[in-house]
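The following exercises concern aromatic rings and their surroundings. Please work through each task before reading its solution.

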Amino acid sequence: MRNKVQAPADFAPPAFFIPSLGLRGDLSPPSCTLPTPSMASPMRSLLTDPDRYLRSFRLFLEKSTEHQSMREFMERQLPDVIASIGNGKSAINVLSIGGGAGEMDLLILSKVQARYPGVSINNEVIEPSADQISKYKERVSQTSNLGKVKFTWHEETADEYESRMNAEKKSKKWDFIHMIQMLYYVKDIPATVRYFHSLLESQAKLLIILVSAEILNQISRLRENKDVKT
């Protein structure tokens, strides 16, 4: 049965968390197969082999309703999420954490453009895979109506971005930050959420989409401890 994707009612702006994307069959997403220190398993981490990860992720997509569920969310609910992020602004700053090959990013940008026609968009992408960035750039080159969007790619992880910004003593603010299926790969989930949450403008939104219930629980505990205000 396909799960309906929606933001839980108790998760109010500026942070939205979209858990439990539907699966068909018994195949777990590749992110959920990573060994932890407490697991006595010889299984290699997918993080150490990007090519193997991509193959596993493609297989996961074949057996899941992930993309379909995310697309439904983007079509039905994202317009309400971004309804006020650009009010009174001549330019909107969007930060994509783990943008991959850009499929979901471009769908998000199309919704921002539809809500704020004619407004310039600065879209920066944090993505550690050079291959994915190359595919993202190719996708952009083949997509029309992006004249008002400026793209900047950073070949680095979320942790590396944070470290670089701290070293350069920068703290650029953003109108919309999205983290789609990437929290599985950060060293400290609560610290990562806190950091990027701190970069939001006053009317900004942080969108997090993930599968793992355990990671959602960690974010929920973070919110309960008032480390992230919503």
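**Exercise 1: A pair between two helices**

Phe196 has a relative accessible area of 0% and is therefore buried (buried means under 20% relative accessible area, exposed over 50%, partly exposed in between, with a 1.4 Å probe and protein chains only). The model is a predicted one, in which local features need pLDDT of at least 70, side-chain atom pairs count only at pLDDT 80 or more, and totals for chains, interfaces and linings use all residues. Residues are numbered from 1 along each chain as its sequence is written, and side-chain values use heavy atoms, with hydrogens and water left out.

*Task.* Classify the ring pair of Tyr161 and Phe196.

*Solution.*
1. Rings of Phe, Tyr and Trp (its six-membered ring) pair if their centres lie within 6.5 Å; planes under 30 degrees apart count as stacked, over 60 as edge-to-face and the rest as tilted.
2. The centres of Tyr161 and Phe196 are 6.0 Å apart and the planes stand at 20°, so this pair is stacked.
3. The pair links distant parts of the chain, as Tyr161 belongs to helix H6 (residues 158–167) and Phe196 to helix H7 (residues 189–197), 35 residues apart. Helices (H or I, at least four residues) are DSSP runs, numbered from the N terminus.
4. Tyr161 has 2% relative accessibility and so counts as buried.

**Exercise 2: A second pair**

*Task.* State why the pair of Phe151 and Trp153 is stacked.

*Solution.*
1. The search of the whole structure gives 5 aromatic pairs.
2. For Phe151 and Trp153, the ring centres lie 5.5 Å apart with planes at 10°, so the pair is stacked.
3. Phe151, at 15% relative accessibility, is buried, whereas Trp153, at 22%, is partly exposed.
4. Tyr136 joins Phe151 and Trp153 in one aromatic cluster.

Definitions and conventions:
Helix = DSSP H or I, 4+ residues; strand = E, 2+ residues; numbered from the N terminus.
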